[in-house]
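Trainee: Could you take me through one part of this model up close, strand by strand, and then show me how it sits in the rest of the chain? I'd like to start with the sheet.

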Amino acid sequence: TAQAEPPYLRGLNPPQREAVLTTDGPVLIIAGAGTGKTAALTARLAHLIFTRKAWPSEILSVTFTNKAAREMRERVGRLVGDAVEGMPWLGTFHAIAAKMLRRHAELVGLQSNFTILDTDDQLRLLKQLILAADIDEKRFPARSLAGLIDQWKNKGLVPADIDAGESERYANGRGGELYAQYQARLVALNACDFGDLLLHMLVILKRHRDVLAIYQQRFKYIMVDEYQDTNSSQYLWLRLLAQEHKNIACVGDDDQSIYSWRGAQVENILKFERDFPGAKVIRLEQNYRSTPHILGAASGVIANNGGRLGKQLWTELDVGEKVKVIGVWDGPEEARRVGEEIDAVRRSGKSLDEVAILVRAQHQTREFEDRFIAIGMPYKIVGGFRFYERAEIRDALAYLRVVNQPADDLAFERIVNVPKRGLGDKAVAKVHQLARATGVPLTTAAARILDTDELTGAAKKSLGRLVGDIARWRDMASSLPHAELARQLLDESGYTAMYQAEKSVEATGRLENLSELVRAMEEYDSLGAFLEHVSLVMDNEGGAQDPQVTIMTIHAAKGLEYDTVFCVGWEEGLFPSQRSLDEGGVKSLEEERRLAYVAITRARRLAVIIHAANRRIYGQWNSSIPSRFVGELPDEHIDAETTMSGGASLWQANWSEKADPFADVARGTGRGPGWQRAASPGSTFSSKPSRVVESRASAVSLGNKGRDDLSVGMRV
Ligand code: ATP
Ligand code: MG
């Protein structure tokens, strides 16, 4: 009877209940955004504990972030009370693997108190090895090797698995050898890197049947959220652990797979049914999060992807407001406009905690941060640092401070050996001594020490060059516009080159941040005025308890929801990103489209999509064209508005060109494939129970070979 029903089942719909109550055997829950997948998984965890099917310590629950793990723990706690105590195996793959590895470290030659290296340590170590191997680090940067090793680890490959082809990817075939050396060094240091946490455990589980048996027996139940973003090594790990009881429930959404660049394999969804025959596949179709217009808009965009599993979504929520699509003149206007819209939200009595701004790339936060500081709008950056707190920005600012203010010792210390120029701690200590002894700033002492015998050889030469550079930049400061000065300074100091050599996704982001910094400087009259602005910004740490607007990347927003969501910078070259366009493949473009789907579906009540007609790049205005994803939004779900007088013609000009979604678009040149206002390709409305949004358009394309098995057990 209803009365006897435990609290965690209340309000769940029939397929959700099924997901909760089908405790035994493999279960795969594949459903669109906002259909209550995470909610069902949480209830399932509560159910297992409440009905004593397992002790909390016998359940392995994997979440995508630590934050998600915390939330799940709290929610289960509320549902079953004290019984929740413990849940030692609830966390991210890395957190769980680290915990296991501490127990069995000796099996891979480590001690249980091993250190987990951060990226800096990792790079330093790799550089030593590269140097020792007589490889030119400038041509074959340590970061590239680090990225490669990470990829191998994500695939579950140990050094012995690296064949010549793989090895070829670094320093003419020496990748494998360096990987082996690196692993040996780590063991000698009693350390491991992030990727090792899973890899070591995988090796242990494969080689030591007794250890495997312990965990196979222990984990009576295994649950995984955001399953579409697991990588190969995580998948292998799960498969091993689940072999005994086979009670494994995974929830995911193929349309939300957005981490392939980190090795995630959406194909794991398909492998699941093969590796766990007889898996029960549950589909959730009722969306509880978003209004029909928001869902319709998101479905219309994602329908343009091929090879989808295809699913239906419907909602009982009121039709609500259409998705707002706003064309603005430029970046500053975009930030201004978002500020105004948020003010309106605030005036209507809603909390700022319920507002999010989603950017494609980290550097985009800067414009909003500056604007919000100016108008006193409280904000926080989630999953990253505030713009001016990012390492590369602080470094660049330190250079500018040294130029602006000779006595800025802190700034000098920060940059004296960044990028590395052979000025070790010893050399710097000598400069310090002289500065203290003679009561002068470090830059002065650095110049003076060159006239003594304190420093010799390479250190002396290198300090001499830095001192000379600083003097020259100071001279230039009086004649050159300060943004131009910054640009030259970053080039001449070797700072940009350091990241250019890397070619990693991370380095690209840092370079983008640096250009954004230069762009920001253009808005100020002088270097001094700009630096003052920055110190004020840095000081602006609002009380974390007060309601704040959240600014974050779409990647960081996965699984989250907000009443009002601003999707900004929807322009070709920004979103889809230039990188995805350069790669030119269907795959990278489709991943961008999934990002668009994730972004829109974070919104509960109102989604606002903004594109600017002009972006300033290196002091020059470049016209940009709206993202093709804007063109893919079905007309019936949007209210389009443009604040530009010249907007219509630009809009039409691009419209008439033939759409070629995979052609390159030169960034900001305004030339490109153009986009079409598609008549909501494949996304049609039918009226099901109430308002039905259908998004099964591309499901038909599943018929291609190799994908046939995808549809087994799935209603497509
Ligand atoms: P995503 O794909 O974005 O991760 P999801 O499928 O995990 O989404 P949830 O976050 O679990 O979806 O749920 C979305 C919203 O719907 C949440 O606010 C949740 O509380 C609510 N919800 C889930 N199930 C129900 C239900 N049966 N009745 C009412 N609200 C529900
Ligand atoms: Mg979820």
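Mentor: Here is a walk through the sheet, its surroundings and a few backbone oddities.

Keep in mind that this is a predicted model. The sheet is an open one of six strands, and across it the order reads β3-β2-β6-β7-β1-β8, with parallel pairing. At the edges sit β3 (90-91) and β8 (280-282), each of which pairs on one side only.

Let's zoom in on β1 (27-30). On one flank β1 pairs with β7 in the parallel sense, over four bridges. There, Val-27 has Ala-249 of β7 as its bridge partner. The pairing of β1 with β8 is parallel too, and has three bridges. In β8, Leu-28 is partnered by Val-281, and Ile-29 by Ile-282.

Now look at where the side chains of β1 go. In a regular strand they alternate between the two faces of the sheet. Here Val-27 and Ile-29 point one way, while Leu-28 and Ile-30 point the other way, and all four are buried. So which residues of the largest nonpolar core have the most contacts inside it? Ile-29 is one of them, alongside Leu-45, Ala-97, Met-201 and Ile-222, in a core of 84 residues. In soluble globular proteins, nonpolar side chains do tend to be buried together.

Next, the helices around the sheet. Helix α2 (residues 37-50) gives the most to that largest core, namely eight residues. Leu-45 shows what this looks like at one position: leaving aside neighbours within four places in sequence, its contacts are Ile-59, Ser-61, Met-72, Val-76 and Met-223. Helix α11 lies across three strands, β2 (59-62), β6 (221-224) and β7, and runs at about 160° to β6. Then there's α12 (residues 268-275), where Asn-268, Ile-269, Leu-270 and Phe-272 are buried. What covers these buried α12 residues includes β1, α11 (232-242) and β7 (248-252), which brings us back to the strand we started from.

Helix α2 turns up again at the ligand. There are 18 residues around ligand 1, and the closest are Gly-36, Lys-37, Thr-38, Ala-39 and Tyr-288. The largest share of this shell comes from α2, with three residues. By type, the shell divides into nine polar, five nonpolar and four charged residues.

Follow the chain out of α2 and you reach a loop leading to β2, which holds Arg-52. Arg-52 has a positive phi of about 60° although it isn't a glycine. Is Arg-52 buried or exposed? It counts as exposed, because it has just 8 C-beta neighbours inside 10 Å, and the cut-off for exposed is 12 or fewer. Asn-172 is another non-glycine residue with positive phi, here near 50°. Its place is in the loop between α7 (164-167) and α8 (175-188). Asn-172 also counts as exposed, because 11 C-beta neighbours lie inside 10 Å of it.

Two cis peptide bonds are worth finding as well. One joins Val-418 and Pro-419, with omega about -5°; Pro-419 is in the loop between α17 (409-415) and α18 (425-438). The other runs from Phe-575 to Pro-576, with omega near 5°, and Pro-576 is in the loop between β14 (562-567) and α25 (578-583).

Finally, step back to the whole chain. Its secondary structure comes to 28 helices and 19 strands, and buried residues make up 45% of its 716 residues. Apart from the largest core there is another, of 57 residues, including Val-325, Ala-557, Trp-570 and Phe-629. As for contacts between residues at least 6 apart in sequence, 77% of them join residues at least 24 apart. The β1 bridges are a good place to see this on screen: Leu-28 partners Val-281, and Val-27 partners Ala-249.

Terms used
Residues numbered from 1 in each chain as written. Chains lettered and ligands numbered in written order. Predicted model: local features only at pLDDT ≥ 70, side-chain atom pairs only at ≥ 80, totals over all residues. Buried ≥ 20, exposed ≤ 12 C-beta atoms within 10 Å, placed from the backbone. Helix = DSSP H or I, 4+ residues; strand = E, 2+ residues; numbered from the N terminus. Contact = placed C-beta atoms within 7 Å. Core = buried A, V, L, I, M, F, W, Y, C linked by C-beta atoms within 7 Å. Pairing = 2+ DSSP bridges. Axes fitted to C-alpha atoms, helices over the stretch in contact; angles between N-to-C directions. Near = placed C-beta within 6 Å. Nonpolar A, V, L, I, M, F, W, Y, C, P; charged D, E, K, R; others polar.
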